[in-house]
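Let's take a walk through this model together, starting from one side chain and working outwards. Keep the viewer open as you read.

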Amino acid sequence: MPSFEQLAEQLDPAATVLLTVECQNGVVGMDSALPELAAQARSSGALTQIARLVAAAHEAGVQVLHAVAERRPDGRGSNDNARLFRAARRLPVQQHTGSRAVRIAEPIEVADEDIVVRRLHGLSPIAGTGVDALLRNLGCRTLVVTGVSANVAVPNAVFDAVNLGYTAVVPADAIAGVPPEYTPAMVRHTLALVATVVSADEVLACWTGPRRSPRQAPVTRA
């Protein structure tokens with residue numbers, strides 16, 4: 001566990017991006033295609049913590065990036081090579097492009113400066129989505145990963161971030177999965193091996209205290 005000073009250095013607003021993973025109406029909203037996951041995201045307080053982190057990021061000048069999973073109504077470009085994808089096609093709520101299901105869910109606020117990245121394929125919000133290039137252009141060194149699910153997309157995001165050279169920070173109370181007992185096991189036995197695991201309050205303390213620096217655009221060289 002890093003000291004406050006070490007964590008604050010990792011979470012320097014000018015070099016940090018906050019990622020929300022699949023925090024969309026059709027996943028964690030009241031009309032979710034996955035009601036068990038949505039209920040857990042809300043009852044555990046994870047969705048509230050994510051909203052707090054997003055609000056603090058806006059205030060501190062930390063770039064926020066929302067990763068949304070969606071599907072064309074005709075399914076073009078989407079995967080069909082795993083049980084998860086085939087099951088998703090049969091769900092009563094579809095994550096169709098342009099629909100309410102793929103809008104960011106309340107109580108998370110989306111600011112004008114936020115970036116929303118939408119993917120039609122795969123399990124990861126980073127691999128094959130262009131997010132890596134966006135992060136590098138933003139001068140990102142640390143990626144704070146929040147959202148759902150601890151079963152699939154969140155560990156994918158953490159592993160991809162680490163493989164690409166970023167420092168991953170995971171606020172353990174700002175992610176959710178099913179069943180409820182799976183998330184702490186995943187955090188303790190897997191994510192803690194590759195990421196800095198903290199609480200949302202510890203991240204907030206770094207962003208709301210006196211040590212805050214505004215985000216600066218990367219310097220371009222002629």
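The side chains of Q10 and T196 are joined by a polar contact of 3.4 Å. This comes from a predicted model, so please read the distance as a computed value, as with every other number below. Q10 sits in helix α1, which covers residues 4-10. Is Q10 buried, exposed or partly exposed? Its relative accessibility is 24%, and because buried means under 20%, Q10 counts as partly exposed. If you set aside neighbours within four places in sequence, Q10 is in contact with T16, T142, T167, V169 and T196. For a sense of scale, try picking R90 as well: R90 is 80 residues from Q10 along the chain, and their C-alpha atoms are separated by 42 Å.

Two of the names in that contact list, V169 and T196, lead straight into the strands. T196 of β7 is the bridge partner of V169. Strand β7 spans residues 196-198 and runs parallel to β5, with 3 bridges joining them. V169 also has a bridge partner in V144. The strand pair in that case is β4, residues 142-148, and β5, again parallel and again joined by 3 bridges. To get from β4 to β5, the chain passes through helix α7 (residues 153-163), and this β-α-β crossover is right-handed. Strand β5 itself, residues 167-171, is mostly covered, with 4 of its 5 residues buried.

Next, have a look at helix α9, residues 200-208. Which of its residues are buried? They are A200, V203, L204, C206 and W207. Viewed down the axis of α9, these buried residues fall within an arc of 160°, so they line one face of the helix. The general pattern behind this is familiar: an α-helix has 3.6 residues a turn, so residues three or four places apart point the same way. The cover over the buried residues of α9 includes elements we have already visited, among them α1, β4, β5 and β7. Strand β1 (16-21) and helix α4 also contribute to that cover.

Helix α4 deserves a stop of its own. It runs over residues 46-60, 15 residues in total, and reaches 21 Å from its first C-alpha to its last, close to the 21 Å expected at 1.5 Å a residue. Its buried residues are A46, L47, Q49, I50, A51, L53, V54, A56, A57 and A60. Just after α4 comes G61, with a positive phi of about 85°.

That brings us to the backbone geometry. Most residues other than glycine have a negative phi, and most peptide bonds are trans. E22 is not a glycine, yet it has a positive phi of about 55°. You will find E22 in the loop between β1 and α2 (25-28). At 13% relative accessibility, E22 counts as buried.

Which peptide bonds are cis? One is the bond from E106 to P107, where omega is near 10°. P107 belongs to the loop between α5 (83-88) and β3 (115-119). Another is the bond from V178 to P179, with omega near -5°. P179 is placed in the loop between β6 (175-176) and α8 (182-194).

Methods. Residues are numbered from 1 along each chain as its sequence is written. This is a predicted model: local features need pLDDT of at least 70, side-chain atom pairs count only at pLDDT 80 or more; totals for chains, interfaces and linings use all residues. Side-chain values use heavy atoms; hydrogens and water are left out. Buried means under 20% relative accessible area, exposed over 50%, partly exposed in between (1.4 Å probe, protein chains only). Two strands pair if DSSP finds at least two bridges between them. A crossover is right-handed if, with the strands pointing away from the viewer, the path from the first strand over the helix to the second runs clockwise. The expected span of a helix is 1.5 Å times one less than its number of residues. Contact means heavy atoms within 4.5 Å. A polar contact is a pair of N or O atoms within 3.5 Å; within protein, one must be able to donate a hydrogen and the other to accept it, and residues adjacent in sequence count only if both atoms are side-chain atoms. The arc is that of the directions from the helix axis to the C-beta atoms.
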